[in-house]
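I opened the notebook with a short list of things to look up. Loop geometry, charge pairs, cysteines, core and pocket were on it.

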Amino acid sequence: MEMDEKQKQYMEFQQLQQQIEMLSKQMEEVNQQLMELEISKTALEEVEKCDKGTEVLAQIANGIFVKTKLDCNQKLIVNIGADTTVEKNIPDVIKMLDEQQKLVNNNAKEIEKVIDALGEEAVKKIQGFEAKE
């Protein structure tokens, strides 16, 4: 095998490796999203169980909370995009989070398929490289 051909195959292998690493990072982000959605659902279920007047911490900014008493544990204000909010009950919000989880899970499956395909292609490159030496 000529040196130019070896270099070309090595560069192609490196590109595959970089793509796999990038997709693996995306997969970590997707898993983080899934975890956050599950935490949100659990929190909503707990709020629904709380009595009115229960002291809670309400987030007012990232990492900043205020102690407050729960006045209504059945209605939530939900941002639906474009700075638009609507009032929804907890079961509806949990259903909305379930739908988001389904979408994120589908994305995770697609990413896994691509990672698997790239991995197989990388193995073939290595095997082809070793066979020609």
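**Entry: the loop after β3**

I looked up Asp-83 and found it in the loop between β3 and β4. The model is predicted. Phi of Asp-83 is near 55 degrees, positive although the residue is not a glycine. Asp-83 is exposed, with a relative accessible area of 76%.

I then checked Ala-82, and the loop between β3 and β4 holds this residue too. Ala-82 has a positive phi of about 55 degrees, again in a residue that is not a glycine. Its relative accessibility is 77%, so Ala-82 counts as exposed. For reference, I noted that β4 spans 84-89.

**Entry: salt bridges**

How many salt bridges does a search of the whole structure find? I got six. I wrote up three of the pairs.

I started with Lys-41 and Asp-98, whose side chains meet in a salt bridge at 2.5 Å, N to O. This pair links distant parts of the chain. Lys-41 sits in helix α1 (residues 3-49) and Asp-98 in helix α2 (residues 90-131), 57 residues apart. I checked the surroundings of both. Lys-41 has 10% relative accessibility and therefore counts as buried. Asp-98 is partly exposed at 28% relative accessible area.

Next I took Lys-49 and Glu-46. They form a salt bridge, and the closest N and O atoms are 3.5 Å apart. Both are in helix α1, and because they are three residues apart, about one helical turn separates them. Lys-49 counts as exposed at 62% relative accessibility. Glu-46 is partly exposed, with a relative accessible area of 42%.

My third pair was Lys-113 and Glu-110, joined by a salt bridge of 3.6 Å, N to O. Helix α2 holds both of them, three residues apart, about one turn of the helix. Lys-113 is exposed, with 54% relative accessible area. Glu-110 counts as partly exposed at 45% relative accessibility. I also looked for shared partners. Glu-38, Lys-41 and Asp-98 are joined into one network by salt bridges that share partners.

**Entry: a distance from Met-22**

I located Met-22 in helix α1. Met-22 counts as partly exposed, at 49% relative accessibility. I computed its C-alpha separation from Glu-110, which came to 14 Å. The two residues are 88 residues apart along the chain.

**Entry: cysteines**

I searched for disulfides and found zero. Cys-50 is in no disulfide, and the nearest cysteine sulfur, that of Cys-72, is 12 Å away. Why is there no bond from the sulfur of Cys-72 to the closest cysteine sulfur, in Cys-50? I put it down to distance, because 12 Å is too far for a bond. The cut-off I needed here is 2.5 Å between the sulfur atoms.

I noted accessibility as well. Cys-50 is partly exposed at 23% relative accessible area. Cys-72 is also partly exposed, at 39%.

**Entry: the nonpolar core**

I pulled out the largest nonpolar core and got 19 residues. Which of them touch the most other members? My list reads Leu-23, Val-30, Leu-44, Val-93, Leu-97, Val-104 and Ile-111. Helices α1 and α2 each supply at least two residues of this core. The most come from α2, with 10 residues.

I looked at one member, Val-30, in detail. Leaving out residues up to four places away in sequence, Val-30 touches Val-104, Ala-108 and Ile-111. The background I kept in mind is that nonpolar side chains tend to be buried together in soluble globular proteins.

**Entry: the largest pocket**

I asked for pocket volumes. The largest pocket has about 440 Å³. Its lining consists of Val-47, Val-56, Leu-57, Ala-58, Gln-59, Phe-65, Thr-68, Leu-70, Cys-72, Lys-75, Leu-76 and Ile-77.

Which strand gives the most to the lining of the largest pocket? I found that β1 does, with four residues. Strands β1 (55-61), β2 (64-69) and β3 (75-81) each supply at least two residues of that lining. I marked Cys-72 as a link to the earlier cysteine entry, since this residue lines the largest pocket.

Technical notes: Residues are numbered from 1 along each chain as its sequence is written. This is a predicted model: local features need pLDDT of at least 70, side-chain atom pairs count only at pLDDT 80 or more; totals for chains, interfaces and linings use all residues. Side-chain values use heavy atoms; hydrogens and water are left out. A salt bridge is a side-chain nitrogen of Lys or Arg within 4 Å of a carboxyl oxygen of Asp or Glu. Buried means under 20% relative accessible area, exposed over 50%, partly exposed in between (1.4 Å probe, protein chains only). A nonpolar core is a set of buried Ala, Val, Leu, Ile, Met, Phe, Trp, Tyr and Cys residues joined through side-chain atoms within 4.5 Å. Contact means heavy atoms within 4.5 Å. On a 1 Å grid over the protein atoms alone, a cavity is a set of points where a 1.4 Å probe fits but cannot get out, and a pocket is an open set with protein on both sides within 12 Å along at least five of seven lines; lining residues have an atom within 4 Å of a point. Grid points are joined across faces, edges and corners, and a volume is the space filled by probe spheres set on the points.
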